[in-house]
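Q: I'm a first-year student and I'd love a close look at one part of this protein. Please pick a spot and walk me through it slowly, in plain words.

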Amino acid sequence: MKLTPISSAGGAIITEVDLKEILSAENQKKLKDALYKYGVLVIKDQEISDQDQFRFCEFMGGLGTRGKPLNRRKEDSDSEYAGTVHLVTNLTDQGKPLGSFGDGEVWFHHDGIFKEVPDAATVLYALAVTSTGGETVFANMHLAYDNLDSKIKAKLSGLSALNIYDYASRGRVDLNQDISQLNHWIHPLVIRHPETGKKALYVNPLMTARVEGISEFESNALLELLFKYQDNDDIIFEHKWDVGDLVIMDNRSISHARRDFPPGEPRMLRRTLVQGVSVNS
Ligand SMILES: [Fe+2]
């Protein structure tokens, strides 16, 4: 097994490993340690089944389940909510979507930040990719925290924010709606990674709706400031997809976004989750 770092901001390419095989305990530990160190692993040239992907999730911390979004779209397929596998795709079968999140740009977000117990990691396996665009961009949120001014760090201590998953929204969440109908949860603005103890900024422009306990004006100003620390070239790196790539990202230390891609070109990623534990400051 060979590891090549992607950038100074994080990420590593892994080659010379076959996830169809049962990996030795030593190699399983190497992959887990590498995930905590680099935040994102891109394991190249895989030809794996659902079961192989489940096994990978199991040894990376346990296979998680997606849970049912409260505000699912009527046009989405039933099967994607069934449990452990979800297709990120624009493909349809006789007009019915095979999955969801099919088209276009997606702003920076942490998968699972709207859950009481966020998923530890997201695993995506590429079955079809576009000729151009559709790259996943990752932000190292440990570095985002480290880059904060010490006065801001002090200000964030003890503060929490409401995070909402609004399926219908492509931008900032609209708080002038009944959020009891949307998946949402309050988490600290700064969390400690449950495995490494390192601090990470835990906000993102797509899902973090407001800071609790301060005025709306102050909350908006603070979030605008924090979002700038996230969308910063020094802490981001990206992945251009090839078929057969298996990518795992740590949702406690990494937020991610998707670049736009040509509509009409097929794209399909098979998504599974690694179960998490509570996140605390
Ligand atoms: Fe995502």
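A: One cut-off before anything else: a residue is called buried when its relative accessible area is under 20%, and exposed when that value is over 50%. Keep in mind, too, that what you see is a predicted model.

Let's try the cut-off out on Tyr165. Its relative accessible area is 9%, so Tyr165 is buried. Phe114 comes out at 12%, and therefore it is buried as well. These two residues belong together for another reason. There are three aromatic pairs in the structure. In one of them, the ring centres of Phe114 and Tyr165 are 4.6 Å apart and the planes make an angle of 20°, so this pair counts as stacked. The partners come from distant parts of the chain, 51 residues apart: Phe114 is in the loop between β8 and β9, while Tyr165 is in strand β11 (residues 160–165).

Now follow that loop back to β8, the spot I'd like to zoom in on. Strand β8 covers residues 106–109, and His109 is one of the protein donors of an iron ion. Which residues join His109 in holding the iron ion? Its other protein donors are Asp111, through OD, and His256, through NE2; His109 also uses its NE2. The donors lie 2.1 to 2.2 Å from the iron ion. Along the chain their spacing reads H-x1-D-x144-H. That puts one residue between the histidine and the aspartate, then 144 residues before the second histidine. And yes, the cut-off is useful here too: His109 and Asp111 are both buried.

How does His256 get to the site from that far along the chain? Look at the strands. His256 is in β18, where it stands opposite His109. Strand β18 spans residues 254–258 and pairs with β8 in the antiparallel sense over two bridges. Zoom out a bit and you'll find an open sheet of four strands, in the order β8-β18-β10-β16, with antiparallel pairing. Its edges are β8 and β16 (236–239), each of which pairs on one side only. On average, neighbouring strands in this sheet are turned by 20° against each other, ignoring direction. As general background, strands of a sheet pair through backbone hydrogen bonds, either parallel or antiparallel.

Just before β18 in the numbering sits another strand to look at, β17 (residues 246–250). Five of its five residues are buried. Leu246, Ile248 and Asp250 point one way from β17, whereas Val247 and Met249 point the other way. Strand β3 (residues 40–43) runs antiparallel to β17 and is joined to it by four bridges, with Leu41 standing opposite Ile248. Strand β9 (residues 121–128) is also antiparallel to β17, with five bridges between them; here Tyr125 is the bridge partner of Leu246. Remember β9? The loop holding Phe114 lies between β8 and β9.

For contrast, finish with a residue that isn't hidden away. Glu16 sits in the loop between β2 (10–15) and α1 (25–38). Its relative accessibility is 62%, so it counts as exposed. Glu16 also has a positive phi, near 60°, although it isn't a glycine. In general, most residues other than glycine have a negative phi.

Note on methods: Residues numbered from 1 in each chain as written. Predicted model: local features only at pLDDT ≥ 70, side-chain atom pairs only at ≥ 80, totals over all residues. Heavy atoms only, no water. Donors = N, O, S within 2.8 Å, 3.2 Å for Na, K, Ca; no water. Buried < 20%, exposed > 50% of the residue type's maximum accessible area, 1.4 Å probe, protein only. Pairing = 2+ DSSP bridges. Axes fitted to C-alpha atoms, helices over the stretch in contact; angles between N-to-C directions. Phe/Tyr/Trp six-rings, centres within 6.5 Å; stacked < 30°, edge-to-face > 60°.
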